[in-house]
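Student: Please take a close look at the aromatic rings of this chain and at how they are placed. I should be grateful for one connected account that sets them within the overall fold.

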Amino acid sequence: MSADARVVDNPAASRYEILVDGVVAGFAQYRLRDGSMILPHTEVRDEFEGRGLGGRLVGGALDGARAAGLRVVPLCSFVAYYIRRHPEYRDLVDDDYRDLVDTPG
């Protein structure tokens with residue numbers, strides 16, 4: 001992975017982006033509602049796949065949710081999978097959506 005990869009919040013577009021050498025390599029869309037960050041979709045551009053950028057992107061989005069005091073609704077299957085693999089983020093998941101991170105899928 002490039003040392004120049006960084007995750008930034010782009011609130012105007014309602015998404016977290018991962019930038020590689022200043023280029024948007026991927027994004028995690030979100031919607032804010034009632035104290036929660038709903039994460040419906042995550043995408044990494046084909047030419048950037050296989051570098052661990054998706055995990056870094058989701059980790060950055062979850063860190064942002066934690067910093068803002070938001071609960072997380074992981075509707076994106078990749079986000080749910082990431083939380084299953086990184087249980088230190090499980091406490092962020094809204095109680096009504098815990099089944100998404102507790103079951104394999």
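Tutor: Buried residues make up 44% of the 105 residues in the protein. The model is a predicted one, and the description that follows should be read accordingly. About 5700 Å² of the protein is exposed, with carbon and sulfur atoms supplying 48% of that area.

The fold comes before the rings. The protein contains three helices and five strands, and from the N terminus on these elements run in the order β-β-β-β-α-β-α-α. The radius of gyration is 13 Å, close to the 13 Å given by the globule rule for 105 residues, so the protein is as compact as a globular protein of that length. Along the principal axes, the C-alpha atoms fill a box of roughly 40 × 30 × 20 Å. Of the contacts with a separation of 6 or more, 38% are made by residues 24 or more positions apart.

A record adds an annotation to this picture. In an unreviewed UniProt entry, "domain: N-acetyltransferase" is assigned to residues 1-104 and 8-94. Over residues 8-94, the chain is 29% helix and 37% strand, and its end C-alpha atoms are 23 Å apart.

Now to the rings themselves. How many aromatic pairs does the count give? The count comes to two. One of them is formed by Tyr16 and Tyr30, with 5.5 Å from centre to centre and 50 degrees between the planes. This pair is called tilted because its angle is neither under 30 degrees, as stacking would need, nor over 60, as an edge-to-face arrangement would need. Distant parts of the chain are linked by the pair: Tyr16 belongs to strand β2 (residues 15-20) and Tyr30 to strand β3 (residues 23-33), and the two residues are 14 apart. Is Tyr16 buried or exposed? Its relative accessible area is 9%, and since the limit for burial is under 20%, Tyr16 is buried. Tyr30 has a relative accessible area of 6% and is therefore buried by that criterion.

The other pair consists of Tyr82 and Tyr89, which is also tilted, at 6.0 Å centre to centre and 40 degrees between the planes. Tyr82 has a relative accessible area of 11%, so it counts as buried. For Tyr89 the relative accessibility is 9%, and this residue is likewise buried.

A charged side chain also meets a ring. Arg15 lies over the face of Phe27, 4.5 Å from the ring centre.

Two further positions help to place the strands. Ser36 is located in strand β4 (residues 36-44). With a relative accessible area of 7%, Ser36 is buried. Apart from neighbours within four places in sequence, Ser36 is in contact with Arg31, Leu70, Arg71, Val73 and Asp94. Asp4, for its part, sits in the segment before β1 (5-10). Setting aside residues up to four places away in sequence, Asp4 touches Leu19, Val20 and Asp21. Between the C-alpha atoms of Asp4 and Arg90, which are 86 residues apart along the chain, the separation is 28 Å.

To return to the request, the aromatic pairs are Tyr16 with Tyr30 and Tyr82 with Tyr89.

Definitions and conventions
Residues are numbered from 1 along each chain as its sequence is written. This is a predicted model: local features need pLDDT of at least 70, side-chain atom pairs count only at pLDDT 80 or more; totals for chains, interfaces and linings use all residues. Side-chain values use heavy atoms; hydrogens and water are left out. Rings of Phe, Tyr and Trp (its six-membered ring) pair if their centres lie within 6.5 Å; planes under 30 degrees apart count as stacked, over 60 as edge-to-face and the rest as tilted. Helices (H or I, at least four residues) and strands (E, at least two) are DSSP runs, numbered from the N terminus. Buried means under 20% relative accessible area, exposed over 50%, partly exposed in between (1.4 Å probe, protein chains only). A charge sits over a ring if NZ of Lys or CZ of Arg is within 6 Å of the ring centre and within 35 degrees of the ring normal. UniProt positions are given in the numbering used here, feature names are shortened, and annotations may be inferred rather than shown by experiment. The radius of gyration is taken over C-alpha atoms; the globule rule is 2.2 Å times the number of residues to the power 0.38. Contact means heavy atoms within 4.5 Å. Accessible areas come from the Shrake-Rupley method with a 1.4 Å probe; for residues, only the protein chains shown count as cover.
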